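User: Could you take a close look at the ligand site in this one for me? I'd like to know what is around the ligand and what kind of space it is in.

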Amino acid sequence: MKSDPSDWEIHHYETVDSTNRLAASLPAWNAVRANIQTSGRGRHGRRWESSPGGLWISCVVPAPPPHPRWATLPLATGWAVMHALKELGIDGLHLRWPNDIMLGHQKLAGLLVERFHPDTAVLGIGINVSNAPETDNPELTGLTTRLADLLSPCPDVEAVTRSLLSSLSHMHRLMEKEGWQSMRDDLNASWGSHRRVACTLGERTLEGTFLGVDEDGNLLLDTGENTPLTLDASTVTLLREI
Ligand code: BTN
């Protein structure tokens, strides 16, 4: 059982196109890290700005059949990233369902979980450390934050990597032993009170009150009807607070 960052085999590169792509062919407990990604991949085919100073890493974990057991892995990974950041001293984070780690209205980290092999999953994680996303893309002005603006002194990328890998090992152990129930409770609690959100599903946008995530990892949205809507992660392209 893996429990420590030293159990991970880390492959560190200066420049790659996408660490997720490189990790695709590696076995479990390997991780690919790069200083720069030239084609960093975000969710729904979006581009992920990945200039030097950030943590761009893809970690391969066992996720063998039956696959429904791992359906909540993206959310559990979000929990693990939040847990690692908390250990480094960041409080008040929440997971904007399903894959953005937010401090208030600003994004600190994102994750993209992909499957390339039936027995494993690639957990692609980007954390803004001392990079400046808005310099790379002015459209992100005001929408992102980074560790350098939140912690003094700012931990270096190696320290953030160690904390993250340790948290991912812990998360995986929990998933194997007891599922994601305790992580779900934490995630729901991190939202505090119920919040008004706009939820985009392809061409359609629904507004309502976000009630949290259910045991299967679906978003529960109260739109004023008798029963809350249950929305599958894969159908939601964007969730924003309003
Ligand atoms: C998102 O918020 O849309 C997800 C962003 C995920 C970015 C990370 S950086 C490391 C890994 N490699 C990639 O190409 N993407 C993920």
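**Around the ligand**

Analyst: Let's start with a contact: a polar backbone atom of Arg43 comes within 2.8 Å of an oxygen atom of the ligand. Keep in mind that this is a predicted model. Arg41 also uses its backbone, with a polar atom 2.7 Å from a ligand oxygen. Gln37 brings in its side chain instead, placing a polar atom 2.9 Å from a ligand nitrogen. As for cover, the ligand on its own would expose 420 Å², and the protein buries 98% of that.

Stepping back a bit, the shell around the ligand has 20 residues, with Ser18, Gln37, Arg41, Arg43 and Lys107 the closest. By type, that's eleven polar, five nonpolar and four charged. Strand 6 gives the largest share, four residues. Helix 1 (19–23), strand 3 (55–62), strand 6 (106–117) and strand 7 (120–127) are the elements that put two or more residues into this shell.

Now the space itself: the ligand sits in the largest pocket, which holds about 870 Å³. Its lining runs to 41 residues, and Arg46, Arg47, Trp48, Asp100 and Lys107 lie nearest the centre. Among the elements giving two or more residues to that lining are strand 5 (100–103) and strand 12 (238–241), along with helix 1. The lining splits into 16 polar, 14 nonpolar and eleven charged residues. So much for the ligand's own pocket; the second largest pocket has about 560 Å³ of space, and strand 6 turns up there too, giving the largest share of the lining with five residues.

Definitions and conventions. Residues are numbered from 1 along each chain as its sequence is written. This is a predicted model: local features need pLDDT of at least 70, side-chain atom pairs count only at pLDDT 80 or more; totals for chains, interfaces and linings use all residues. Side-chain values use heavy atoms; hydrogens and water are left out. A residue is near a molecule or strand if one of its heavy atoms lies within 4 Å of it. A polar contact is a pair of N or O atoms within 3.5 Å; within protein, one must be able to donate a hydrogen and the other to accept it, and residues adjacent in sequence count only if both atoms are side-chain atoms. Accessible areas come from the Shrake-Rupley method with a 1.4 Å probe; for residues, only the protein chains shown count as cover. On a 1 Å grid over the protein atoms alone, a cavity is a set of points where a 1.4 Å probe fits but cannot get out, and a pocket is an open set with protein on both sides within 12 Å along at least five of seven lines; lining residues have an atom within 4 Å of a point. A molecule sits in a cavity or pocket if more than half of its atoms lie within 2 Å of its grid points. Ala, Val, Leu, Ile, Met, Phe, Trp, Tyr, Cys and Pro count as nonpolar, Asp, Glu, Lys and Arg as charged, and the others, Gly among them, as polar. Grid points are joined across faces, edges and corners, and a volume is the space filled by probe spheres set on the points.
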